[in-house]
Amino acid sequence: MPNRASRMLHIVILAAGEGRRMNSSRPKVLQPIGGRPMLDHLLDTVQALSPERVHVVVGAGGEQVQAALAGRDCDFVTQAERLGTGHAAQQALPGIDPQARVLVLPGDMPLVRASTLQALLAVEAELALLSFRADDPTGYGRILRDAQGQVQAIREEKDASEAERRVDEVNSGVLVASASRLIDWLGRVRADNAQGEYYLTDCIGLAAGDGARVEALVADDAGELQGANDRAQLAELEAVFQGRARQALMAAGATLAAPDTVQIRGQVGVGRDVFIDANVTLVGAIELGDGVQIGPGCVLEDSQLAAGTCLKPYSVLEGATTTGACTIGPFARLRAGTVLARDVKIGNFVETKKASFAAGAKASHLSYIGDAEVGAEANLGAGTITCNYDGVNKHRTVIGERAFVGSNSALVAPVEVGAEATVGAGTVLTRRAPDGELTVARARQRTVADWKRPTPKTAED
């Protein structure tokens, strides 16, 4: 047998299934697990095997799959006719060196570990496959062994006898063999079965009949080989993923006050001594530095928090960054482009967007700061609004160092508040407030003598 270490490895992922039971406009392999398509997780895993090339076989909805994976380094092969898994695998083989090894996997297997696939690749056999023990084998192809325990065939459920259906060792859909042998076996597969399809699994019986050595590696963890044909099964995969992701965060140094309530829908990195309270949702690319504190009910999306940052309860961050320890919330909303330096305070019911706050700046409550640059130690009073949108274009507001903006002020952009300037409460600022000066722009207060409060109209009126 040729030295396996010297042979190229190609990956073939079967991703042509429609997933009709999902009742979705998206192909099955694009259904999300942890906020990312199932196929995206699988591609991450197989890249750890350092393959020569990855081939993805697509069918219905293939354009959506290719668009979703546009940044991935893989070949897309189209299965124009839905004639079964064997026919699907055949579509990729012409682009593979016959001397290469081929690892075939279903595209809806997001939880398989690279270590499990590496163990399969280490099996000494002409054809090796992954199997697992199922508490309920319904729907799976059964692994049939002879009296000596040698694998003889895989029988799909619709073609299985009553005795065969009682077998609890089932096929995962993952196998490895040389391209040349797969070309031969798939060329002999026939569609004489209940589905009228060309089964990839028929290669096992053909290989055994040829006297080739066929081995089934029984996985230790059946959960990682599960697929999903409907949304109930998708939810089961999600639960497994969430459990793994939470364990990874805790192993990296995070304390989760109520682990089962934390939802992870992306890729999260944490430093030491991070604390995440109950009912927190983490979406997209998240980085939490050492000692970050996340209060209950918070939602973070594509955000990076520097060491020591404290996020108080029920705050929402979308594309926000802190570059030093600061305090946010409760009930704050930081939108894309918000950057906070050390010692910044963003308080309750404050919304920011494309706003940078230099060290020590504060917007403590009830404000909207958008398209703005806030200088160091500036203080924005309650109700401060940057009027950044004129109905067509967005304009920028610049607030200087140690400036003080009084409560209920509207800064009509483009406009600038100078360094150490003071803006009186209730001001509508339309021109620059000079450095170090008090600027007030509001109507003069007056009292109207003999004014009468309106009274309710009577029926006669």
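Reader: Against which helix and which strands do the buried residues of H8 pack?

Author: They pack against helix H1 (38-47) and against strands S2 (32-33), S12 (254-256), S13 (263-270), S14 (274-276) and S15 (281-288). The structure is a predicted model, in which local features need pLDDT of at least 70 and side-chain atom pairs count only at pLDDT 80 or more, while totals for chains, interfaces and linings use all residues. Residues are numbered from 1 along each chain as its sequence is written, and side-chain values use heavy atoms, with hydrogens and water left out.

Reader: Why is H8 called a helix, and how does its reach compare with what is expected?

Author: Helices are DSSP runs of H or I with at least four residues, and strands are runs of E with at least two, numbered from the N terminus. H8 covers residues 231-252 and has 22 residues, so it satisfies the rule of at least four. The expected span is 1.5 Å times one less than the number of residues. From its first C-alpha to its last, H8 reaches 31 Å, close to the 32 Å expected. After H8 comes Gly 253, whose phi is positive, near 120°.

Reader: What does a side-chain oxygen of Asp 230 reach at the start of H8?

Author: The side-chain oxygen of Asp 230 comes to within 3.2 Å of the backbone nitrogen of Ala 232.

Reader: Why is Glu 169 called buried?

Author: Buried means under 20% relative accessible area, exposed means over 50%, and partly exposed lies in between (1.4 Å probe, protein chains only). Glu 169, in strand S10 (residues 169-178), has a relative accessible area of 2% and is therefore buried. In H8, the buried residues include Leu 234, Phe 241 and Leu 249.

Reader: What joins the side chains of Glu 169 and Arg 145?

Author: A polar contact of 2.8 Å joins them. The term requires a pair of N or O atoms within 3.5 Å; within protein, one must be able to donate a hydrogen and the other to accept it, and residues adjacent in sequence count only if both atoms are side-chain atoms. Contact in the wider sense means heavy atoms within 4.5 Å. Leaving out residues up to four places away in sequence, Glu 169 touches several residues, among them Phe 132, Arg 142 and Val 218.

Reader: How do you know that Glu 351 and Arg 333 meet in a salt bridge?

Author: A salt bridge needs a side-chain nitrogen of Lys or Arg within 4 Å of a carboxyl oxygen of Asp or Glu. The distance from N to O in this pair is 3.7 Å, so the criterion is met. Glu 351 belongs to strand S25 (residues 345-357) and Arg 333 to strand S23 (residues 333-334), 18 residues apart. Glu 351, at 23%, is partly exposed, and Arg 333, at 36%, is partly exposed as well. A search of the whole structure finds 26 salt bridges.

Reader: Which residues are joined into one network by salt bridges that share partners?

Author: Before turning to that network, one further pair may be noted. Glu 420 forms a salt bridge with Arg 402, with the closest N and O atoms 2.9 Å apart. Glu 420 is partly exposed at 43%, and Arg 402 is partly exposed at 40%. The network joins Arg 36, Asp 40, Asp 44 and Arg 72.

Reader: Which residues touch the most other members of the largest nonpolar core?

Author: A nonpolar core is a set of buried Ala, Val, Leu, Ile, Met, Phe, Trp, Tyr and Cys residues joined through side-chain atoms within the distance used for contacts, 4.5 Å. Among its 56 residues, those touching the most other members include Ile 276, Ile 294 and Phe 357. H8 supplies the largest share, five residues. Apart from this core lies another of 35 residues, among them Val 46 and Leu 117.

Reader: What makes the pair of Tyr 314 and Phe 331 stacked?

Author: The structure holds three aromatic pairs. The rings of Tyr 314 and Phe 331 have centres 5.6 Å apart and planes at 20°, so the pair is stacked. Rings of Phe, Tyr and Trp (its six-membered ring) pair if their centres lie within 6.5 Å; planes under 30 degrees apart count as stacked, over 60 as edge-to-face and the rest as tilted. Tyr 314 is partly exposed at 46%, and Phe 331 is partly exposed at 40%. Phe 331 also forms a stacked pair with Phe 349, at 5.2 Å centre to centre and 10° between the planes. Ring pairs link Tyr 314, Phe 331 and Phe 349 into a cluster.
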